[in-house]
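Work through these exercises with the structure in view. Try each task before reading its solution.

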Amino acid sequence: MTEQAHAAGPIGWDWSWARALCLREAQRVLGRNAAAEDAAQEAVIRAWRQQARCRTPERPDPWIATIARREALRLAPGDRERPLEDMHAEQAPSPEAAVILRADVRRALAALDVRDRQLLAARFWEDLTHVQSAKCLDLPVGTVKVRLHRLTGRLREMLDEP
């Protein structure tokens with residue numbers, strides 16, 4: 001970030017610089033169009049209102065860029081704009097397919113080590129964070145993240161097999 005970013009505003013931020021940053025981030029998601037302009041404007045407003053929440057006010061660019069990306073994603077067209085009923089009808093498996101899927105998932109989970117099943121249960125069944133899962137299972141957080149990444153990949157492969 002340049003020194004210019006510290007030139008104005010209640011906590012020393014240059015809001016014209018922040019708007020340019022927001023516009024760049026929004027255009028990465030939405031392209032160069034009016035939606036990106038709208039997302040950038042909303043992001044600058046959110047950043048202005050919530051500037052006290054920035055943990056690194058001396059270097060706010062990552063925080064502001066995140067707000068801009070999230071705002072752009074919120075405005076991005078896609079499945080989010082379709083009625084829930086339409087999505088449910090397209091994605092709902094038949095009762096027979098649901099039974100087969102449950103059996104396949106049970107088979108795949110049974111093939112895993114007990115510790116791996118405990119980790120999956122902590123993270124996805126109990127909805128614990130990585131940190132909470134690590135504490136619960138007495139593992140380093142990095143180990144939890146790596147094992148979960150590998151486990152979900154293995155499960156995906158197991159479930160994709162015919």
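**Exercise 1. A link between two helices**

Task: Find the partner of Arg19 in a salt bridge, and say which parts the pair ties together.

Solution:
- Step 1. In this predicted model, Arg19 forms a salt bridge with Glu37. Their closest N and O atoms are 2.8 Å apart.
- Step 2. Place both residues. Arg19 lies in helix 1, and Glu37 lies in helix 2 (residues 34-49), so the pair ties together parts that are 18 residues apart in sequence.
- Step 3. Check the surroundings. Arg19 has a relative accessible area of 27%, so it is partly exposed. Glu37 is partly exposed too, because its value is 33%.
- Step 4. Look further along the chain. Ala65 is 46 residues from Arg19 in sequence, and the two C-alpha atoms are separated by 9.8 Å. Ala65 sits in helix 3. With a relative accessible area of 7%, Ala65 is buried.

**Exercise 2. A salt bridge inside one helix**

Task: Describe how Glu25 and Arg28 meet, and decide for each whether it is buried or exposed.

Solution:
- Step 1. The two side chains meet in a salt bridge, with an N to O distance of 2.8 Å.
- Step 2. Count along helix 1. Glu25 and Arg28 are three residues apart there, so about one helical turn separates them.
- Step 3. Apply the cut-offs: buried means under 20% relative accessible area, exposed over 50%. Glu25 has 6%, so it counts as buried. Arg28 has 62%, so it counts as exposed.
- Step 4. Widen the view. Glu25 and Arg28 belong to a network of salt bridges with Arg69.

**Exercise 3. A link between distant parts**

Task: Which residue forms a salt bridge with Arg154, and how many residues apart are the two?

Solution:
- Step 1. The partner is Asp116. The closest N and O atoms are 3.6 Å apart.
- Step 2. Arg154 is in helix 8 and Asp116 is in helix 6, so this pair links distant parts of the chain, 38 residues apart.
- Step 3. Compare each value with the cut-offs. Asp116 is buried, because its relative accessible area is 12%. Arg154 is partly exposed, because its value is 39%.
- Step 4. Put the pair in context. The whole structure holds seven salt bridges.

**Exercise 4. A buried charge without a salt bridge**

Task: Asp14 has no salt bridge; find what its side chain contacts instead.

Solution:
- Step 1. Locate Asp14. It is in the segment before helix 1 (15-30).
- Step 2. Look for an opposite charge. Asp14 is buried, and the nearest side chain of opposite charge, Arg24, is 11 Å away.
- Step 3. Test that distance. A salt bridge needs the atoms within 4 Å, so Arg24 does not form one with Asp14.
- Step 4. Turn to polar contacts. The side chain of Asp14 makes one with the side chain of Ser16, at 2.7 Å.

**Exercise 5. Two positive phi values**

Task: Where are Asp127 and Asp138, and what is phi for each?

Solution:
- Step 1. Recall the background. Most residues other than glycine have a negative phi.
- Step 2. Read the angles. Phi of Asp127 is near 60 degrees, a positive value. Phi of Asp138 is near 55 degrees, also positive.
- Step 3. Place the residues. Asp127 is in the loop between helix 6 (114-125) and helix 7 (130-137). Asp138 is in the loop between helix 7 and helix 8 (141-160).
- Step 4. Check exposure. Asp127 is exposed, because its relative accessibility is 59%. Asp138 is exposed as well, because its relative accessible area is 71%.

**Exercise 6. The largest pocket**

Task: Give the volume of the largest pocket and describe its lining.

Solution:
- Step 1. The volume is about 180 Å³.
- Step 2. List the lining: Arg46, Gln50, Arg53, Trp63, Thr66, Ile67, Arg70, Glu71 and Arg74.
- Step 3. Find the main source. Helix 3 (residues 61-75) gives the largest share, six residues.
- Step 4. Sort by character. Five lining residues are charged, two are polar and two are nonpolar.

**Exercise 7. The whole chain**

Task: How many helices and strands does the chain have, and what share of its residues is buried?

Solution:
- Step 1. The chain has eight helices and zero strands.
- Step 2. From the N terminus on, the order reads α-α-α-α-α-α-α-α.
- Step 3. Of the 162 residues in the chain, 30% are buried.

Methods: Residues are numbered from 1 along each chain as its sequence is written. This is a predicted model: local features need pLDDT of at least 70, side-chain atom pairs count only at pLDDT 80 or more; totals for chains, interfaces and linings use all residues. Side-chain values use heavy atoms; hydrogens and water are left out. Helices (H or I, at least four residues) and strands (E, at least two) are DSSP runs, numbered from the N terminus. Buried means under 20% relative accessible area, exposed over 50%, partly exposed in between (1.4 Å probe, protein chains only). Lys and Arg count as positive and Asp and Glu as negative; His and the chain ends are not counted. A polar contact is a pair of N or O atoms within 3.5 Å; within protein, one must be able to donate a hydrogen and the other to accept it, and residues adjacent in sequence count only if both atoms are side-chain atoms. On a 1 Å grid over the protein atoms alone, a cavity is a set of points where a 1.4 Å probe fits but cannot get out, and a pocket is an open set with protein on both sides within 12 Å along at least five of seven lines; lining residues have an atom within 4 Å of a point. Grid points are joined across faces, edges and corners, and a volume is the space filled by probe spheres set on the points. Ala, Val, Leu, Ile, Met, Phe, Trp, Tyr, Cys and Pro count as nonpolar, Asp, Glu, Lys and Arg as charged, and the others, Gly among them, as polar.
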